[in-house]
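I opened this entry to look up how the chain is put together, which side chains lie inside and which lie at the surface.

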Amino acid sequence: MKKIIFLLTIVTILFASCSKNEHVYSIPKDAALTVSIDPASLLSKMGASNDLQHIENALLQQTPSEHQELVKKLLQDPTYCGLKLDQRIYNGVVIKNEYEIYNVLALAVNDKEQLKSLLLELDNSVNIETFNDSYVMTP
């Protein structure tokens, strides 16, 4: 049986600080798969605070100890991440061939420097470059 190895060569995240949902245009036209997530709608559908508390506890249990305080801070104040959480999040997957698969995540940003600082706090080895009005992040 032939083994197909999918090599994720580049994970790219574009951070567009644009008006409502224009960041969707960051997703390449040749994306094989595109997903749209509405965070505000998801939170409103979650309902009771007991459900939220359960999710928070599960998230904290899976978080490495060195990031526990940061996750608690984000759970208390989600705007700390620098994202516009009232706007949709878009994810696109581009498949060039069986060895080249690109993932593009497009998020509306409220505070670019806060987001960059947060990402570097989580992983200081990540490479973040400026491209036009966006950040491009590669491993």
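**Leucine 33 and the surface patch**

I looked up leucine 33 first and noted it as partly exposed, because its relative accessibility is 47% and that class lies between buried, under 20% relative accessible area, and exposed, over 50% (1.4 Å probe, protein chains only). I work here with a predicted model, in which local features need pLDDT of at least 70 and side-chain atom pairs count only at pLDDT 80 or more, while totals for chains, interfaces and linings use all residues. I number residues from 1 along each chain as its sequence is written, and I take side-chain values over heavy atoms, with hydrogens and water left out.

I placed leucine 33 in strand β2, where strands (E, at least two residues) and helices (H or I, at least four) are DSSP runs numbered from the N terminus. I found Leu33 together with Val35, Ile37 and Leu42 in a nonpolar surface patch of about 320 Å², to which strand β2 (residues 33-37) gives the most, with three residues. Patch members have over 30% relative accessible area and no salt bridge (a side-chain nitrogen of Lys or Arg within 4 Å of a carboxyl oxygen of Asp or Glu), and nonpolar side chains (Val, Leu, Ile, Met, Phe, Trp, Tyr) are joined within 5 Å. The areas come from the Shrake-Rupley method with a 1.4 Å probe.

**Chain and cores**

I read four helices and six strands in the protein chain, in the order β-β-α-α-α-β-β-α-β-β. Of its 139 residues, 31% count as buried.

I then listed the largest nonpolar core (buried Ala, Val, Leu, Ile, Met, Phe, Trp, Tyr and Cys residues joined through side-chain atoms within 4.5 Å), which has 12 residues, including Leu70, Tyr80, Cys81, Leu107 and Met137. Helix α4 (residues 112-122) gives the most to this core, with three residues. Apart from it I noted another core of seven residues, among them Ile27, Tyr102, Val104 and Ala106.

**Two loop residues**

I looked up histidine 67 in the loop between α2 (49-62) and α3 (68-76), and it counts as buried because its relative accessible area is 15%. Leaving aside neighbours within four places in sequence, histidine 67 is in contact (heavy atoms within 4.5 Å) with Glu121 and Leu122.

I found tyrosine 99 in the loop between β3 (89-97) and β4 (100-108); with a relative accessible area of 44%, tyrosine 99 is partly exposed.

Technical notes. Patches are made of residues with over 30% relative accessible area and no salt bridge: like charges are joined within 9 Å, nonpolar side chains (Val, Leu, Ile, Met, Phe, Trp, Tyr) within 5 Å.
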